[in-house]
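Dear colleague,

I am handing over the structure below, and after it I set out what was found. Please keep it open while you read, since the notes move from one group of residues to another.

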Amino acid sequence: MYKDKAPPYRASDKRIAGASLYVTALSKITQGTSNADPNSINVSQTTSTKGSSLQCLVSMLKSLVDWEKSHREYEKQNTGTQSMEEEVLQRDSTESKSREDLPNNFEKAKAHKSTMETAISKFNRQPGKGIEYLISNALVENTPASVAQFLRNTPSLDKAMVGDYLGQHEEFPLSVMHAYVDSMKLSGMKFDSAIREFLRGFRLPGEAQKIDRIMEKFAERYCADNPGLFKNADIAYVLAYAIIMLNTDAHNPMVWPKMSRSDFVRMNTNSDAEECAPKDLLEEIYDSIVKEEIKMKNDAVAKGKNSRHTEERGRLVRILNLALPRGKSSIDTKSESDDIVKQTQAVFRSQGVKRGVFYTAKQIELVRPMVEAVGWPLLATFSVTMEEVENKPRVLLCMEGFRAGIHIARVLGMDTMRYAFLTSLVRFTFLHAPKVMRSKNVEALRALLILCDSERDSLQDTWNAVLECVSRLEYITSTPSIAATVMQGSNQISRDAVLLSIKELAGKPAEQVFVNSEKLPSDSVVEFFTALCGVSAEELKQTPARVFSLQKLVEISYYNMARIRMVTP
């Protein structure tokens, strides 16, 4: 049978798409790209809006971190009381197992949905290739009935391609077409109503031979479900073909003159009354077709549905992007702002209707698709903000965002995203260019050293860059000629404040990077030691040679003396 096991993920996908839209809009506001006209709102309002948007983005990311940490603590507490609750655990073992399997189920559903989308895309280009892909990936069984069920129950298929496939003369597609028609229940339906129902799922192909095969099978099926209505299936076939011609004639504006009722009756009658449809039936069919065109299912509802969806989506985007009219006075601007508030309230009220079933998530892995969707826009927002602003509260918000992003990416095993967040943070220390350092770069350095203490497991393949920063920090603070170039061209008060902060960080915070090496797991300490060796080698090549990292190699050897030694033969 046709296998479609991903409905829970479809609902999740919609919410992920909504979250991505929301985050992207807020990112544009924060970066200042959503409103390029400086006259649309005053400067203070712009700054406030950007700050609020950044606060919202960071809060969303931090909420994921807080949620993950709370569940981790909960799991630790449960582990400590496990022996006291053995009976309860045994009773709930089945339920627990199903909860543990939930992330895997979602991953399977996601993989299934991705494969299904690929199959649909292939089908919509080349129906034969699409069916082969479906069968090879076990999405449908290699039987006409299974493929026919897929064609009937998959709304995203190109209806013209469905009709083209059903009209093919090869053995397997022909068997699929027969199974497709035989799966329909036409008993008790009027003839024109049966045709309407039949053609709701696909568009008739343009070739006369393909139409002929499809309508011949339809006529056979209708006569089997409604015995006695027609003398034989040939009469039903001729009438079905005539109805298709009438539908085109009546509703195609390019066809003129139009066929009259008498013309239609005359075309479908002959001297032998038993070999044709009754006159009253022909007149009834004519009136029905002329009054209402035969349409596919999605032709009738897609326009209304899409227009509502587009209107709602566009309304939300306009609100989130603060799409105010250009060149307004301050009074008009306030009025427009009030309108935006009202529109926002209306949108959220319209979203208040229950549209799905929500479950309390117990596994952090379930948020991975959400982080995949919003992680990169968030990184871009924090990076652009760091490059463009000097406002300390917003810089501190960016630092919180970087730390939260690194943590959640590490927990989820998203190494590429974790590496991107970390290397961006390292770049914003500006230790490689002390002349252009500012207070915001000192905050980036502070955040990096905090990560070395609180998120040691997150550094992994970035230890080399981190240790290069520490080495460069020591070089700047220990070399007066280099320290004198910090913030070159700025006022003395600002320069002194930055220098004081740098020297403070070069003390205990930087030293803790090496002291905490004893807390690293075995694999991580090897990465740390290897990276420090690399940095030391580069220092020794300098003129004059530096031995800072070489000295730290000796120190971390001392700090880690208590580690268990493992000897391999």
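A good place to begin is Phe528, which has a relative accessibility of 0% and therefore counts as buried, the cut-off for that word being under 20%. Please bear in mind throughout that this is a predicted model.

Aromatic rings

A pair of aromatic rings is described by the distance of the centres and the angle of the planes. By the rule used here, the count comes to 18 aromatic pairs. One of them is formed by Tyr222 and Phe230, whose rings are tilted, with 6.3 Å from centre to centre and 55° between the planes. Tyr222 is buried, because its relative accessibility is 1% and the limit is under 20%, and Phe230, at 9% relative accessibility, counts as buried too.

Phe528 itself belongs to another pair, in which its partner is Trp463: the arrangement is edge-to-face, with the centres 4.7 Å apart and an angle of 85° between the planes. This pair links distant parts of the chain, since Trp463 lies in helix H22 (residues 463-478) and Phe528 in helix H26 (residues 522-541), 65 residues apart. Like its partner, Trp463 is buried, with a relative accessible area of 2%.

Returning to Tyr222 and Phe230, you will find that both belong to a cluster linked by ring pairs, which also takes in Tyr180, Phe191, Phe198, Phe202 and Phe218.

Charges over rings

Tyr180, a member of that cluster, also has the charged end of Arg152 sitting over its ring, 5.9 Å from the ring centre. A further case of this kind is Arg427, which lies over the face of Phe428 at 4.5 Å from the centre of the ring.

The surroundings of Asn560

Where does Asn560 lie? Asn560 is found in the segment after helix H27 (548-559), and at 14% relative accessibility Asn560 counts as buried, because the limit is under 20%. A polar atom of the Asn560 side chain lies 2.7 Å from the backbone oxygen of Ile556, while a polar contact of 2.6 Å joins the side chain of Asn560 to that of Arg563. If residues up to four places away in sequence are not counted, Asn560 touches Ser517, Glu518 and Val525. Of these, Val525 brings you back to helix H26, whose residues are 522-541 and which also holds Phe528.

With kind regards

Methods: Residues numbered from 1 in each chain as written. Predicted model: local features only at pLDDT ≥ 70, side-chain atom pairs only at ≥ 80, totals over all residues. Heavy atoms only, no water. Phe/Tyr/Trp six-rings, centres within 6.5 Å; stacked < 30°, edge-to-face > 60°. Buried < 20%, exposed > 50% of the residue type's maximum accessible area, 1.4 Å probe, protein only. Helix = DSSP H or I, 4+ residues; strand = E, 2+ residues; numbered from the N terminus. Lys NZ or Arg CZ within 6 Å of the ring centre and 35° of its normal. Polar contact = N/O pair within 3.5 Å; in protein donor to acceptor, adjacent residues only side chain to side chain. Contact = heavy atoms within 4.5 Å.
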